[in-house]
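Student: I have a new structure to read. Please show me how to go through it, feature by feature.

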Amino acid sequence: MDELGVALFMHPNGFTEANRLLDHYLNNVIGNPLDTTVAVSHLIFDGVMERNPGLKVLLAHAGGYIAHYWARMDHAHRARPDCRTVISKPPSSYLEKFYFDTITFDTGMLGSLVDLYGAKHVVMGSDYPYDMADDTPVQSVQSVEGL
């Protein structure tokens, strides 16, 4: 995919050990974004992003928690030798290679994605036709100042 310049779209399909998240639809509400966060963390810490500098990965659900909680990974990279055995740069530096969909359900969070990663790294998503879809994705994008 790196050599072809083709983007990879990553969307979770279920969640490991989902039984603990069955109540209140937590398997979807927090499970899907968490699964995305785990997958991205492995792509970064396992060196996949470093070994494939042109790889473009589009993340569903606005990238899960990784887009807003990256500083903890950078701290681990500084504090723990086992977090820097494969990668040479802080983990957050690899996030510029990712693309995030707009499904945040919050204009402030969507605006933060644009501020952090640039409008060219944020693409419209809807999750249609599912119940957790953004029913008005165009309006969601239009509601963010500066877009």
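Tutor: We will take a pocket, a salt bridge, a helix and two single residues in turn. Keep in mind that this is a predicted model.

Student: Let us start with empty space. How much space lies in the largest pocket?

Tutor: Rolling a probe the size of a water molecule over the atoms shows where empty space is left. Here the largest pocket holds about 270 Å³.

Student: Which residues lie nearest the centre of that pocket?

Tutor: Look for Val 29, Pro 33, His 61, Ile 103 and Phe 105. They belong to a lining of 14 residues. Sorted by class, that lining has eight nonpolar, five polar and one charged residues.

Student: Next, charges. How many salt bridges does a search of the whole structure find?

Tutor: The search finds one. The partners are Asp 82 and Arg 80, and their closest N and O atoms are 3.0 Å apart.

Student: How accessible is Asp 82, and how accessible is Arg 80?

Tutor: Buried means under 20% relative accessible area, and exposed means over 50%. Asp 82 has 46%, so this residue counts as partly exposed. Arg 80 has 44%, so this residue is partly exposed too.

Student: Now a helix. Which residues of helix 5 are buried?

Tutor: Helix 5 runs over residues 107-117, and its buried residues are Leu 110, Gly 111, Leu 113, Val 114 and Tyr 117. They cover an arc of only 155° around the axis, so they sit on the same side of helix 5.

Student: What covers the buried residues of helix 5?

Tutor: The cover includes two helices, helix 4 (70-79) and helix 6 (137-142). It also includes strand 3 (98-101) and strand 4 (122-123).

Student: Helix 4 came up there. Where is His 77 found, and is His 77 buried or exposed?

Tutor: His 77 is in helix 4. Its relative accessible area is 10%, so His 77 is buried. Leaving aside neighbours within four places in sequence, His 77 is in contact with Cys 83, Arg 84, Ile 87, Lys 89, Pro 90 and Pro 91.

Student: One more residue. Where is the place of Gly 125?

Tutor: Go to the loop between strand 4 and helix 6. Gly 125 has a relative accessible area of 11%, so this loop residue is buried.

Student: What is Gly 125 in contact with, leaving aside its neighbours within four places in sequence?

Tutor: Its contacts are Asp 101, Thr 102, Ile 103 and Pro 137. Ile 103 also appeared in the pocket, among the residues nearest its centre.

Notes
Residues numbered from 1 in each chain as written. Predicted model: local features only at pLDDT ≥ 70, side-chain atom pairs only at ≥ 80, totals over all residues. Heavy atoms only, no water. 1 Å grid on protein atoms, 1.4 Å probe; cavity = no way out; pocket = protein on both sides within 12 Å on 5 of 7 lines; lining within 4 Å. Points joined across faces, edges and corners; volume = space filled by probe spheres on them. Nonpolar A, V, L, I, M, F, W, Y, C, P; charged D, E, K, R; others polar. Salt bridge = Lys/Arg side-chain N within 4 Å of Asp/Glu carboxyl O. Buried < 20%, exposed > 50% of the residue type's maximum accessible area, 1.4 Å probe, protein only. Helix = DSSP H or I, 4+ residues; strand = E, 2+ residues; numbered from the N terminus. Arc of directions from axis to C-beta. Contact = heavy atoms within 4.5 Å.
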